[in-house]
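Open the model in your viewer and keep the selection box at hand. The stops below go from charged pairs to strands and end at a pocket.

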Amino acid sequence: MRIISKYFLTGLLSTIACWASAQNINNGTIKGVVIDDQDKPLPYATIVLKTTPTAVLYSSTLTDGRGGFIIPNIAPGNYIVKIGMLGFEKDSLNITISQNHMEVDMGIIKLKTTNQLLKTVTVKAETPLIERTLDKTVVNIAQNITNEGLTVMELLKKLPGVQVTPDGQISMNGKSGVNVNIDGKTTYLSADDLANLLNGMPASNIQKIEVMSNPSSKYDAAGLVGIINIVKKKNHTDGLNGSVNGSFIQSYYGKHNAGLSLSYKNQYINLFLNNTYGNNKSFDRRYVTTDISNAANRLLTQQQSVNNGINNTRNYRPTLGIDIYLSKKTTLTASGTAGFGLSNNLLISKMYISDSALVKTSHTDFASRVKDHPDNYTAAIQLTHQLDTAGQVWSIDADRSSYHNSPVQTNVSILSDAMNNFINQSNYLLLQDRKLDIYAAKTDYILPLKNKGRFETGLKFSYVKATNDNTFYNQTGGQNTIDLSQSDYSINSENINTAYINLNKTYAGLTAQAGLRAEQTVTKGKQTLSGESVNQNYLQLFPTVFMSKKLSEQNTLTLRFGRRIERADYHELVPFRRPQTATLYFQGNPNLKPQLSWHSELSWAYHSAFFVTVNYDIDKDYIRTLPFVDSNETTITRRPINVQGAHSWDIDFAYTKKITAWWSVDNTLSVYNNAFSGSAGSYSLNNGGLTSIDFITNNSFHINDKLSAGCDFEYESKRRFINSEFGSYYTLSAGIKQQLFNNKGSLSLNANNLLQSEDHYAIDRTAGLYHYSYFNFYSRYVSLSFSYRFGRGKTNKVKIDSGSADEQKRAGS
């Protein structure tokens, strides 16, 4: 573990001080305090800012724990401010921002209690399905009823430009390297473990999902194509409140999930308890044809197999936390989250082997079962202090996390000849023990500058230790014999020291934001059985720039530019060769380099309803897992490698419109291409890519005050990724939702993938290998979901941040 050099820190902090003192930023600002008719503050009331006379949504926010709110960075113009909260009458006020009147203080706004709860529903309807801001796209989950009954993993598949592969790999516009956060906290998990977590998390507990293709310097630089931040629902209503929800899903197998939230809040504390449970069982089938050729490209052998997978996961995640209001300006938060699970995955495969003349010579029956009981916990503490009423805030937080799993894999392989005569049988056992320990701490500071400018800075430290113990046993005559040549014990550590600065400024019609993040990374890896070690130590700078120019009342241009990094998952660094099928293996690469990318995009918005965005990325040392034929010319090993160069472009068209009083649409069309240059050994990876499209349309129908419906359609065309090609597919989903019990409850019926049309093919090509797979996804299902909230107001999950808010993605798998 090393600390950032004193010279680097001194220089950076000096730059921070000089930059802060030199600013003279002139932002338009609206602020105020919302109270009830008993003169008590109303936390988390909705504040909506719209332009006039066009009534286009400009910005929205919530009041804080003491009823206060601030909306910064407002361009000169005429606006209407709408204030609302469930159980209270709405209020509104017309205001004007001009060069001579840049700050509007609305003072104390008192909302009157009402028994007509339906009147407040219109406040919720103010929030559109998709909002686009300077540095992110926000998808408000509750605005689309077809999301009812889904898991979060299924929810991600419906996001514009996001794809999820069968093994849980998440990509955006065909590019991997997405950093998934939950409430601002990176999940630290590999693709498999993250998929298990998200498959056990109900979408009904999610408030919104933030998609950031180019996050500001305040966020971790990891996540090559950006960050997906999953924000859980929150509760901050006084008194005892709660909510329950549950879903039953019938697909190829039955599934179910449920959640319970309880909270108690007064002027001194906010105590909250959240629980989620998910039981997810799925079935998939894959047909695979593998041609293995020699150096002269003459066929040596062909393997044809049918692979049936049954995956069963159960997850239980309780969270207990408390906010202690030490004073009107100081809050101390302590929380703990535990995770307990069970996974039982079965693969049954039958493979036929043919010679160079395509004459069948033998076949193999293969069965693999992997059982695991993963567990994890996170303990976090955070102190937030408002230094003054102008918005100066300082916070510090730290946390400790641990992830542990011990999968037991048993494999049986039976080889027979073409006449079905038994030849031999192989039995082996793989015992794995993987542990990830994480320590993190950070501090952040926000300083309002003269003339309403804003400056942010912070420091962060994180240390991660990953231990992987993989012991391979040959099973003969009921005895287990260790095979050290196929076993592995590795220890990897990573220390990242970070400092960042970020500031914004608004001129007449122009908003600008710039930042710089510095990250020093020290990694150490050791294979204890072989004695090999791989160490890296590097310092990288990550600048970000955002500019938004309001050309007229209807037209806005936005520019985003930045640099990102993608570090390998921990399991990708472990050189252990893990069996996946009878002839397919996975092996890590301890010499992987971090992947670096420059990202740029230009967006045009018309009436805040029609958007056109052009993206262009340049990548170095692109990380990608490719299949390679082993020296025995029979088995295949998938290995992560660095592709020397890559570049991509993407054009997005988005249209959001309320067509009629009862019909709203949100459409997104993405056209993209990924090209690569490099080689793997003597095999060329040069590829100009394939222009592909991704189209998503979400339709919402307001039938009456208690009944609504929705319909979604997605189409993904054929796409190419280095030397891999993926076939097209489309899905159609629909749902209907009925409000119950004076709008405190709801019942939803949804049908997903109505046409069972998600099946598609994949082709991999490398030296001497042609690998064709066709996937059958049995993802069509019908779900019935129920939710009910009780207490004084709406109660859901509370956001929990911690010092490791930017790390958790890369546990061993």
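Is Glu210 buried or exposed? Select Glu210: its relative accessibility is 8%, so it counts as buried. Buried here means under 20% relative accessible area, exposed means over 50%, and partly exposed is in between, with a 1.4 Å probe and protein chains only.

Before going on, note that this is a predicted model, in which local features need pLDDT of at least 70, side-chain atom pairs count only at pLDDT 80 or more, and totals for chains, interfaces and linings use all residues. Residues are numbered from 1 along each chain as its sequence is written, and side-chain values use heavy atoms, with hydrogens and water left out.

**Salt bridges**

Stay on Glu210 and add Lys208. These two form a salt bridge, with the closest N and O atoms 3.6 Å apart. The term means a side-chain nitrogen of Lys or Arg within 4 Å of a carboxyl oxygen of Asp or Glu. Side chains of opposite charge can pair when their charged atoms come close. The structure holds 15 salt bridges.

Next select Glu103 and Lys31. Their side chains meet in a salt bridge at 3.6 Å, N to O. This pair links distant parts of the chain, 72 residues apart: Glu103 belongs to strand S7 (residues 103–111) and Lys31 to strand S1 (residues 28–36). Strands (E, at least two residues) are DSSP runs, numbered from the N terminus. Glu103 is partly exposed at 29% relative accessible area, and Lys31 is also partly exposed, at 25%.

Move to Arg517 and Glu519. The closest N and O atoms of this salt bridge are 2.9 Å apart. Arg517 is buried at 2% relative accessibility, and Glu519 is buried at 0%.

For a group of three, select Lys218, Arg454 and Glu456, which are linked in a network of salt bridges.

**A threonine pair**

Select Thr319, which lies in strand S20 (residues 299–325). Thr319 is buried, with a relative accessible area of 5%. Now add Thr337: the side chains of Thr319 and Thr337 make a polar contact at 3.1 Å. A polar contact is a pair of N or O atoms within 3.5 Å; within protein, one must be able to donate a hydrogen and the other to accept it, and residues adjacent in sequence count only if both atoms are side-chain atoms.

**Strand S34 and its partners**

Select residues 584–587, which make up strand S34. Which way do the side chains of S34 point? Leu584 and Phe586 point one way, Tyr585 and Gln587 point the other way, and all are buried. In a regular strand the side chains alternate between the two faces of the sheet.

Add strand S33 (residues 577–579), which runs antiparallel to S34 and is joined to it by 3 bridges. Two strands pair if DSSP finds at least two bridges between them. Pro579 stands opposite Tyr585, and the hairpin of S33 and S34 has 4 residues between the strands.

Then add strand S37 (residues 636–658). S37 runs parallel to S34, again with 3 bridges, and Arg638 in S37 is the bridge partner of Phe586.

**The second largest pocket and strand S30**

Select Asn492, Gln527, Leu573, Pro575 and Pro590. Of the 33 residues that line the second largest pocket, these are the closest to its centre. The space in this pocket is about 540 Å³. By class, the lining has 11 nonpolar, 13 polar and 9 charged residues.

Strands S29 (488–507), S30 (510–527) and S31 (533–550) each supply at least two lining residues. The largest share, 5 residues, comes from S30. Select S30 as a whole: 13 of its 18 residues are buried, so S30 is largely enclosed by the rest of the structure.

S30 can be followed to either side. S29 and S30 run antiparallel and are joined by 18 bridges, with Thr506 and Thr511 as bridge partners. Their hairpin has 2 residues between the strands, and Gly509 in that hairpin takes a positive phi near 80°.

S30 and S31 also pair in the antiparallel sense, over 17 bridges. Ala518 stands opposite Leu541 in S31. The hairpin of S30 and S31 has 5 residues between the strands, and here Gly531 takes a positive phi near 80°.

How values were computed. On a 1 Å grid over the protein atoms alone, a cavity is a set of points where a 1.4 Å probe fits but cannot get out, and a pocket is an open set with protein on both sides within 12 Å along at least five of seven lines; lining residues have an atom within 4 Å of a point. Grid points are joined across faces, edges and corners, and a volume is the space filled by probe spheres set on the points. Ala, Val, Leu, Ile, Met, Phe, Trp, Tyr, Cys and Pro count as nonpolar, Asp, Glu, Lys and Arg as charged, and the others, Gly among them, as polar.
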